[in-house]
Amino acid sequence: MNMLKTIRAHLASVLVLFALTLAGIMPAVHTASAQTNGEVPGQALGLNSDADLWRFIRNGNAGDTQMKDQLAAVMIQSEGDNWRAARNGPVSVYGAAGVLGIIVLLAVFYSWRGRITIDAGPSGKTIERFGTIDRFAHWLMAGSFVILALTGLNLLYGRYTLLPLLGPEAFTAITIAGKYAHNYLAFAFMAGLALSFVLWVRHNIPSKIDLDWLKAGGGIFTKGVHPPARKFNAGQKIIFWVVMLGGLSVSLSGIALLFPFQTAMFAKTFGLLNMIGFDLPTTLTMLQEQQLNQLWHGIVSLVLMTIIVAHIYIGSVGMEGALDAMNSGKVDRNWAKEHHGLWVKEVDAATKAAKAKPAE
Ligand code: HEM
């Protein structure tokens with residue numbers, strides 16, 4: 001009998017415990033079902049569910065901030081992942097392939113063709129090709145470009161190439177100095193670019209003889225072939241326009257990087273491109289503008305470097321007599337006749353006319 005009483009008492013306490021436990025669990029069960037209905041438990045985070053809130057943040061939307069820099073209100077800027085992937089991926093890989101590829105190509109070309117010499121041999125007589133101002137403009141542009149290129153390459157590839165070689169201290173010192181050089185020499189480059197444009201644009205208007213020059217491959221592949229050209233041949237005109245337009249583009253994107261979050265060039269450019277059939281986004285955040293600026297600056301610079309390596313080759317080791325044009329400003333007449341025959345005729349005619357003119 002006593003035993004039956006004890007069992008009943010135990011059963012009762014188990015039942016009470018079970019009821020209490022259920023009462024405790026029920027709000028949790030209710031909460032769980034509320035979450036599955038897309039509502040926030042206890043309305044703690046407002047009316048939005050976590051998913052909506054998370055999506056809002058992941059899409060780079062800005063919340064509110066007491067900070068002066070309103071960009072701090074953006075918690076997650078997902079496009080940053082794409083930017084980093086593009087910079088460290090295709091931009092770096094294809095950029096390196098371009099610059100190293102052209103060096104290999106030129107080495108192959110040099111071993112096959114050798115130095116392009118003056119076919120008729122040097123005449124010993126010279127003709128003035130570039131005045132002091134031309135050479136100043138060229139070397140201002142060229143000198144600053146070379147330093148900008150080297151310091152820029154360090155920003156992109158330095159930590160894979162120089163850092164393991166030099167160690168962190170030396171690499172840091174070089175990179176900081178390089179960054180200052182890059183920021184300030186940009187203005188020397190822009191000045192050289194603008195001056196070269198003003199001085200040489202009239203000689204770089206495309207004309208029909210440029211097509212003949214191109215058809216003959218500029219004569220650089222065959223000894224003894226010299227298609228006619230005026231002051232600048234078609235190859236040089238291409239270099240000129242690539243340097244001017246590329247240089248302008250790299251300057252604008254560089255200024256936008258120097259003074260960040262002030263420009264909206266990409267949204268505006270995309271708007272213009274959409275008028276001719278493109279379908280590009282025209283509402284970009286300031287951060288996206290900045291990322292595109294950085295990528296574009298890198299891409300255009302790497303294309304310019306690739307082309308300039310070829311220019312430096314043909315202006316120095318690749319061709320006998322070419323460098324004199326930018327050193328002393330005077331070139332051998334036979335060199336000039338072979339590479340710029342029509343220009344020599346123009347200069348000679350002008351000199352003759354000036355001599356024939358009676359002194360006043
Ligand atoms: C650093 C080594 C460089 C050397 C040895 C060099 C050499 C030369 C030479 C010899 C000429 C005159 C060609 C002629 O008489 O017909 C020339 C012209 C020119 N250079 Fe350079 N240059 C160098 C760098 C640069 C750089 C970095 C740029 C631009 C970023 C540049 C842009 C030009 C332009 C636009 C012309 C006129 C068009 C042409 O001849 O292609 N040069 N250069």
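## A guided tour of the ligand site and its surroundings

Begin with His311 and the ligand: a polar side-chain atom of His311 lies 2.7 Å from a nitrogen atom of the ligand. The model on display is a predicted one. Keep His311 selected and add the iron atom of the ligand. The protein donors of this iron atom are His311 and His138, each through NE2, lying 2.0 Å from it.

**The iron atom.** Show the donor atoms around the iron atom and inspect the angles. Which arrangement do the 6 donor atoms form? The angles they subtend run from 85 to 179°, which makes the arrangement octahedral. For reference, the ideal angles for six octahedral donors are 90 or 180 degrees.

**The two histidines.** Colour the helices that carry the donors. His138 belongs to helix 4 (residues 132-166) and His311 to helix 9 (residues 286-315), so the pair ties together parts that are 173 residues apart in sequence. Next, display accessibility for both side chains. Is His138 buried or exposed? His138 is buried, its relative accessible area being 11%. His311, by contrast, has a relative accessibility of 31% and counts as partly exposed; the limit for burial is under 20%. His138 also has a polar side-chain atom 2.8 Å from a nitrogen atom of the ligand.

**The shell around the ligand.** Now select the residues around the ligand. There are 23 of them, and those that come nearest are Arg129, His138, Gln236, His311 and Ala325. Centre the view on Arg129, where a polar side-chain atom is placed 2.7 Å from an oxygen atom of the ligand. Then colour the shell by residue class: 17 residues are nonpolar, 5 are polar and 1 is charged.

Colouring by helix gives another view of this shell. At least two shell residues come from each of helix 4, helix 7 (234-258), helix 9 and helix 10 (324-327). Which helix gives the largest share of the shell? Helix 4 does, with 6 residues. Colour by domain as well: domain 1 (79-130 + 205-354) and domain 2 (131-204) each contribute at least three residues to the shell.

**The whole chain.** Zoom out and switch to a cartoon representation. The chain contains 12 helices and 2 strands. Followed along the sequence, these elements give the pattern α-α-α-β-α-α-α-α-α-α-α-β-α-α. Of the 360 residues in the chain, 33% are buried.

**Phe130.** Select the loop between strand 1 (126-128) and helix 4, where Phe130 is found. Phe130 is buried, with 4% relative accessible area. Add Gly329 to the selection: its C-alpha atom is separated by 4.6 Å from that of Phe130, although the two residues are 199 residues apart along the chain.

**Ser251.** Return to helix 7, which contains Ser251. With a relative accessibility of 8%, Ser251 counts as buried. What does the side chain of Ser251 reach at 2.6 Å? The partner is the backbone oxygen of Gly247.

**Phe261.** Continue along the chain to the loop between helix 7 and helix 8 (265-274), which holds Phe261. Check the backbone torsion here: Phe261 is not a glycine, yet it has a positive phi of about 65°. Most residues other than glycine have a negative phi. The relative accessible area of Phe261 is 33%, so this residue is partly exposed.

**Asp210.** Finish at helix 6 (residues 208-215), where Asp210 is found. Asp210 has a relative accessible area of 9% and is therefore buried. Select Pro228 together with Asp210 and draw the C-alpha to C-alpha distance, which is 8.8 Å for a pair that is 18 residues apart in sequence.

Key: Residues are numbered from 1 along each chain as its sequence is written. This is a predicted model: local features need pLDDT of at least 70, side-chain atom pairs count only at pLDDT 80 or more; totals for chains, interfaces and linings use all residues. Side-chain values use heavy atoms; hydrogens and water are left out. Donors are N, O and S atoms within 2.8 Å of the metal (3.2 Å for Na, K and Ca); water is not among the atoms, so sites may look incomplete. Four donors count as tetrahedral if all angles lie between 85 and 135 degrees; four count as square planar and six as octahedral if opposite donors are over 155 degrees apart and all others between 65 and 115; anything else is irregular. Helices (H or I, at least four residues) and strands (E, at least two) are DSSP runs, numbered from the N terminus. Buried means under 20% relative accessible area, exposed over 50%, partly exposed in between (1.4 Å probe, protein chains only). A residue is near a molecule or strand if one of its heavy atoms lies within 4 Å of it. A polar contact is a pair of N or O atoms within 3.5 Å; within protein, one must be able to donate a hydrogen and the other to accept it, and residues adjacent in sequence count only if both atoms are side-chain atoms. Ala, Val, Leu, Ile, Met, Phe, Trp, Tyr, Cys and Pro count as nonpolar, Asp, Glu, Lys and Arg as charged, and the others, Gly among them, as polar. Domain bounds come from an automatic or database domain assignment.
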